[in-house]
Every structure is written in structure tokens, then in C-alpha cells.
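Trainee: Could you take a close look with me at the place where two chains come together? I would love one connected walk through that part.

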Amino acid sequence: MNPLLIAKNLHFFYTQQCIIKKLSIKLNRGDIVGLLGQNGAGKSTCLQMLSGNLYPAEGEISIDGSDLLKEPEAAKQKIGYLPDEPPLYNDLWVDEYLTYAARLHRIPSSAITTAVNRVKKQCELNSCGRKLIGQLSKGFRQRIGIAQALIHQPDLIILDEPTIGLDPVQMRELRDLISMLGSQHGIILSTHILPEVESICNRVDILHQGEILHSEQLNQQQGDQLTIQLAEPPAFEALSKLPSIKSAISLGERRFLLQPANDATNQEIAAQLIPWGLQVLTPQQKSLEQRFIQLTSGEVQQR
Amino acid sequence: MIFTIAQHELKRLLISPLSWLILATLQLLLSWQFLVTLDQFNGLTSGQQQLGITSLLCLRLFGLASILSLFTIPLLTTRLLSEEYHNGSFILLNSAPLSASTIISGKYLALFSYLVVLSLIPALLISSIGLGTELDWGLLITALFGMLLLNAGFAAIGLLFSTLCRQPNMATLSSYALLLLLSLLGYAGSSLSWQELLEWFTWSGHLMQFQLGQLRSIDLIYFLLMISLPLLLATHHLSAAGIWQHTLKSRLNYLFFPLLLLLSAALIVGLSGKYRFQLDNTATAENSLSQQSIELLEQLNTPLKIISFAPENRVLRKQITTFIARYQRRQPHIKLQFINPETDPTQARVQGITRAGELRLEYEGRHEALQQLNEGSLSNAILRLLGQPDSWVLSLDGHGERTLKGRANFDLSEFNQALQANGFKSHNLNLATTGFIPDNTALLIIGGPRTALTKDELQQVDNYLTRGGNLLLLVDNGSEDALQPILNRLQVGLLPGTIVDPSGHQLGLDNPTIAVVTNYPDHAALSGFSQLTLFPHAKALQAAESNIWQQTALLVTAKESWNETGPLQGEISHDAKSNEQLGPLTLALALTRNHQSRQGERQQRIIIMGGGDFLSNTFLANAGNQALGLHLTRWLSADKRTLVIPTLKRTDSELHLSNTAKGVIGFGSLIILPLLFLSLAIFIPWRRRRC
């Protein structure tokens, strides 16, 4: 299967200053990629280029085989994009706005009502079809922006900080929606909320000063490191020789830090530990944050 | 896709209070102007109008509407793109599969549809008076078309700046700046070589032509460029957005298209100067030459130079240029030159120019002076310059007459000069030496002979009249006997004595023997003539019943005049007992009859004047005497020698609106409609918020 998005060697300058440097991203259907970076790292610029709203000085972008720079109309039909500020008309009703967005994306007239109703349901906008967008709160506006990006069921969904302005309940619902969409579409989203990346993305790209410093696969089943507590711990050697465990460190008081093997899931590990009376199994959630801080601040220190 | 965008933009325009407020303001101001104009039009005596009601309203209402467009359109265009950049909604369009030209066309189409409605307001107001007059529809539709073009042009310029500027305020201000520049440029120039170019850039002059009912290629091209250039540039900018900033090469690439566009525009304008066309859409063809003038111009085969002694006044000179251009379009031999009589008084004096604004026409060594500029006067002047190569004005000599060549005070030599300057050939004719009156005599003048003509000479004159010859007979005191045979033949009698006319006293004349004529009948010999004329020592004529001649009294004295038979000394008064008659007395008679000859039927023309002093060297310069002499000579000397340009009969020079109709139009347009628009401006946003 062809990759959905191939971006190669993108460069972008703003008043002589290099904002994006040698940036390359590849994304398949089913991928949910989190673009992580500090403020000013170039996340929004990167997404603007991928959505066809900014023209790179150098590089190529291809969406499902269509060249975004050479045949933008064909490529843009396959993209749904939510910019950092949702592109709304304050003087329109939500329904009018979504209908217009549907028309712009060449949805046939007969299918427009269905499409509008679908995204309204997905983004929980059912109650405010005939409300002026200008009168709605930040959370609603954000969800209208997302609805707009989904209306034509694009192959590639680009979301710039999608959960901003949402309350915790809405945030969780949105993450569920993204996870669900991720099974059929390719999604790339930017954020600086680490747990968000960890909970919904299967890959994270860390962007710093216009460059991708680090890219890694995330697997919710396969935490990087696990802390366990056993009621009847075996000999330390027996533990470290388990097939699904690469290495182990004793933390004392029947607690161990495990580094799982590459393809091992947490379920497999837990199943193997149960005979020794597994009491606690906690994924080491700090790892991404640590790496993020290490990578980005390290760079700062070098300068 | 264009229509999707257009529909969306139009909807957003109609739900915004701005569009309804603009409509309300426009409706209010235009109908105010409309009603004021109607009022003024009715206040004047009808028939005296310079312009028909349609042209008057077109000039005023579309003129006002164009100024309002200038101020409102930038507000509307800023919304189209600049405001969308600013509040981020442009990304919706930019992320959608749309080309730059689709976005620009869609937005432009929406605005233009709204502007069509704005342009229709003045047109509908004007057509409402169709109830009370016969409107000049051709003119109205041309003016409306001009308004649409202007609005389309303004909208295109506004949209260009809306595309270029990311800051809405900047877009509005830039549009205003350029539109104002294009409005005022024509008024800025002082040096005349630049003036024409600057005026070309100014829209008001081009728009004016439409409001006069003229469709000219030069104006069409101006507006089409005003529309297409900004739209193409806007599309170019939008499609190149972002790319062009990156490298020097891409910047040069970006600039290449506008440069190419401007060059081709300049080329089009240059070529359009060569291939012009023009349509006159007014009902009475007010801006076109009559068929008579067109045929006349075809006879010009060497350059005709027209020198205007107009002072350096932009408006005045423009009017003259525009007027002469009508002739130049038909005849490229015509050249126009301006001489400023203030800075070059010597030239003016040498050319015998007495009034600023006078025109001098020069053709093949002959010249004509012209004080009024209208088609009748100019075409006739050209006609006179063309002359008729083989026809002569002859004055009879040998019996003590006033002759054209004689230089005495009572002679006609100065009048002769005027005749020659007007294209006539003239000579004296002594029948004793020539023995006959030549066939190519266009007019014979018999200027009051003192001694009787011989029998043979009388026979020659008689033959001449039988042949259908034209005659100007000046009957002076003392020539009655010599002329009696001819007068008898023409069946005209004389009253004794000399005309005394006290009405001259009011004009400051202290000599009552000068008869004053101020009013003229509607007769071909006097067409277009209205000056005062003075007739010293004149005699009154008496027409007898005639079955041969059709007689018309051309000149008639005032009521209080009479023919004094006593001596003209001391106190004189009307004496009813003697043979004295009170005025009006006939001073000149025109006699015509149809004459059959081998060349076909033509009209024989004779004028008998009760005295020739008015043409004499002593009195010729007084009042309109010379002009009258020329008018009479022209009429007498040939059928073809005077063009009668048909006067424009406007269908819409009178307006009869019933009070009810006036009330409905006034109340509806000034109160109801503005209030309706105003309430929509409030109601629509309120209704939408309530949902």
C-alpha cells in the first residue's frame, strides 16, 4: 500500500530565517501521528505546508499519489485541515457554514444533508444547527472547526492543536473520535500535551527548531518500562530471563523495573508474572516526557 | 464552484447590515436629487430646455451614484478577502480544492450582482417618469451600462487591494487612494501635453460619455481594462501567494506577469486610438452629425484648418474639441488648433478676432469666422468655404447704383469683402458693355439706380427674371422711377415717403429715420438669424395681389412707425390725414415661385428691400446688418448654398406628471424605500441572532 502522505526535505523561510529545515514525514492509513514541539518549534508552519496553505521553498509533498504543489486541487480534495484558529464565519449559522464547507469540497448536493448531520453527530453539534457561530463558545467553535475538516471524509486529517479550548469531557470524547477515525484515515495532529500523544497516537515526531529530532513508535500495549511489585519474587536471574523481558533492575522491597522485549505486550508480561503473585504493574509514563525535555532542552543548552 | 462561492458571498452580504445601510443611503440621496431635479425642470418654461429630462436626470443621478460608488465599494471589497485573511476564514477556501481564479471570480460575481442592484436604483427612478413623458430609452440604457461598467471597475480595483493586503484597513485605504487618484488625475495637469493622458486615466470623463448617450470604443476600452487588469492581477497574486517570496528568481517570475499585462494594456490602448468606433444611442441622435453635414464633409478634399481663439480653459476647450471631433471622425482633413487670445493677442488681431472663443476656418485660402459653435453654424461655414465655383453675385452698374466694387460711402464694397470671405465670387455688371446677364449669375443685385435703365437693359433684366434668375432689389429714395418697370413686373407697390421709427429711441438712437427690426418671421432666408438690424432712410413696400409670386413679408417695422411724407426736419409726427400709414410697415418682401427649366424644377427667389443704406459702407457695421446681408445673399444665391440643419425635437422636453403620480413617486422613493432598507438592516441580523 502506498503511503498516504510523503513529505520530503521541506524547507521554509520567513524573512531570511529558516523556520523549517529538511523536514520529512511519511504517514500511512491507520497512522495517528503526533507532532510534538515547544511553542515556536514550527509545528503550525509544518501543518500549514502539509495542508497546502503554505508553499515550501524547497521539497515535495505528495498526498496519496497527488502532488500537493503541482496539482493542489486534486491533493486538497483528500485533505481535511483544522488550523490553530478554526476558519469560521461568525455571521453564519452552523448548518449554513457546514453546508458551505461541504459544497466547497465538492460533495454532491444530494449527500450534503447527510454529511452535515454526520459531522454534527460526530462533533456533538446537534443542538446548535441554527445558532450564529459568532455567539458560540470557544469549545463549540473548535468542534465546528473539526467538523469542517471531517465533512468530506478526507483520507488525511490534519489537526493543529485540536483539543485546545475543550473541557476535559469534550477532550476525552475528541480523543475517542480521533482514535476511531484513525482506523480508516491517516491523522496528523500537533499538540504540546504529552498524555494526549501517548493516549491516542501510534507515532510521535518531536519537532524542535524546524527539525524532526526524534521519531518513535508508541504502543499502548507495550509500555517502554514497567514497574512491578511481586508478592513472592523469584530469583532475580529467573525474572530477567523471561522471554518477554529484555532486562530488569531490582528496586528493592519486591519491586522491579522491567524493560520489555521489543514485541512483548503488557498482557504477555503480566501473564508470565502472575505465578509470582503480581501485585502492581505500572507503565513508566514519564519516559516520553523525559525524552522530550531531554531532547529539546539539550538542544537549547548546546547553543 | 464559482456559483457556490458567489452564492455564499452574496448571502453574507445580504445578512450584513452594511449592504442594507448602503442601499438605504443611496436610495435616500438619489431620490432627493431626483425630486429636486424634477422640481427644477418643471419650474422652467418647457421647450427652452437645453437638455431633455432624460439626459438631465442621467447626468445628475448617475453622476451622484458614481460618487457614492466610489465611497462604498472599497468597504464592500475589503470584506471579500482581506477580512477573511484577517479572521482566518480564508483558510477554509484555501484548503478546499479551488483554484485562485475560481475564488476571485466567485467573490467578484457576488459583489457585482449586488452592484447591479445599486446601479438599477437611478435607472428605475428615471424610468418612473415615463408616466409623464416619452423617455429616451436609448440614452437611459447607455447611461445604465456606463454605470455598471464603472461599478464593475471600482469593484475590480477594490478586490485587487483586498487580495493584496492582509490588513483590512490597509485594503480599504489603498482602494480609496487609487480610486481618488483616478478621480482627480484629470484635474491635476497643467501642461497641456500631459493633460490628455491624465484625462484618459480619469474615469469621470469616460463615464460622462455614457451619460450623454454615447458609446465610444475609447471609453469601453478604458472600463474593460479597469475591470480586467485588477482581476487578472488579483488572480495572479492569489495563485502565486507564498511562492513568490522565497527566492529572487521567484520574485522576478512573479513580477513578470504584471509587467506583461501592463505592456499589453498599453498596446491595446495605443491600438484603440487607431480603430475607433462610436454609437449614438440617444433618441434624437444628439451627438451625431446630420446627413446634410456628412454629405457636405465628403466634398472637402484639402485640409480644413479650424483655429479656436478660446482662452486656456479646460472645460471650454474640451467642449470645442469634442464638438469638432464629430466632424473630424467623418473627415480627417479637419485640423483643430488653439490660440490663446490672452497670451497671443497679435495673432487674434491679425485674424480679425474680436471675441474670445471665436473660431476661424481656413480652406484653400478662404476663411470664415464663427462666433457660435453649433452644427448649423459650422456646417454652413464649411459650405460657404467650399463655395460654388461657377456662380457669381453681380451688381448692376452704370446708372449711379450702389455697386459691390464702388468705394463711396453709399457703395457696397465692404459688404463685397464679406461676401468674398464667405466664399462668394462677385463683380460689377455693366449691361451697356456686356449686353446680357450671364447664365452663371447666381444673384443679381440692383442697388437703387439713379437714372433709368434703357429699354434694352430692361429687356435683359426681364429675360433674366423669366429665365428664373434670382434678384436682390434695393429700392432707395430717388430710384423709384427707374425701378418702376421692374416693380410693376414683380407686382409690388411702394408707399410714399420715408419710414420714421420712434422705437429706436429706446435703444439710444436719436435719429428717428432709422427703422429698427428686432423680430423675424420663420422663413428660410432668415433661419438662425436673430440679431437686431437697422435700416436708415427706408421705404415701405406694399404687396399687391399676385398669382405668380408667393410673397412673404421678411422685415416688418414696429407698430409705432409710419411713413413720413413731409420734410424730415424739426418736429415730425404721424399725420393720418395725408397718405401716412401707421406700422407695422413692410420693409422687405421675399418673392418665390417654382421655375421649370431644362435642368429641372427650382425655386426662383427675389427679395425687394425698401432701401439699400443698411448694406452701404457707412451702415454695414451697425448691429446685425452685415450678417443679415449675408443671410439674404445666401438664401437668394442658390438652393443648395445654405444647409438647414433640422433642429432637434426632443421627445422628453416636457414633463406632465399628475399630482398623484408625483406624490406616489416622491413618497415611495424618498420615504418608503429608504425606511424599508433601513428596517431590513436592523431586522435581518436581529432575526438571525434570535434563532
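Mentor: Happy to; here is the side of chain B that touches chain A, followed by some background on chain B. This is a predicted model, in which local features need pLDDT of at least 70 and side-chain atom pairs count only at pLDDT 80 or more, while totals for chains, interfaces and linings use all residues. Residues are numbered from 1 along each chain as its sequence is written, chains are lettered from A and ligands numbered from 1 in the order in which they are written, and side-chain values use heavy atoms, with hydrogens and water left out.

Let's start with the interface. On the chain B side, 27 residues are in contact with 30 residues of chain A, where contact means heavy atoms within 4.5 Å. About 2900 Å² is buried between the two chains, and carbon and sulfur atoms give 59% of that area. Buried area here is the accessible area (1.4 Å probe) that two parts lose on being put together, summed over both.

Now for the charges. The rule finds three salt bridges across this interface, a salt bridge being a side-chain nitrogen of Lys or Arg within 4 Å of a carboxyl oxygen of Asp or Glu. E96(A) and R688(B) meet through their side chains in a salt bridge, at 2.5 Å from N to O.

Which elements of chain B give two or more residues to the side that touches chain A? They are helix 1 (2-14), helix 5 (90-95) and helix 22 (659-690). Helix 1 of chain B gives the most, with six residues. Helices (H or I, at least four residues) and strands (E, at least two) are DSSP runs, numbered from the N terminus. By class, this side of chain B has 11 nonpolar, 10 polar and six charged residues. Ala, Val, Leu, Ile, Met, Phe, Trp, Tyr, Cys and Pro count as nonpolar, Asp, Glu, Lys and Arg as charged, and the others, Gly among them, as polar.

Stepping back to the whole chain, chain B has 22 helices and 19 strands. Its C-alpha trace spans about 110 × 60 × 50 Å along the principal axes. Of the 691 residues in chain B, 53% are buried, meaning under 20% relative accessible area, with exposed over 50% and partly exposed in between (1.4 Å probe, protein chains only).

One buried residue makes a nice last stop: S55(B), with a relative accessible area of 4%. S55(B) lies in helix 3 (residues 53-80) of chain B. Not counting residues up to four places away in sequence, S55(B) touches L139(B) and D652(B).
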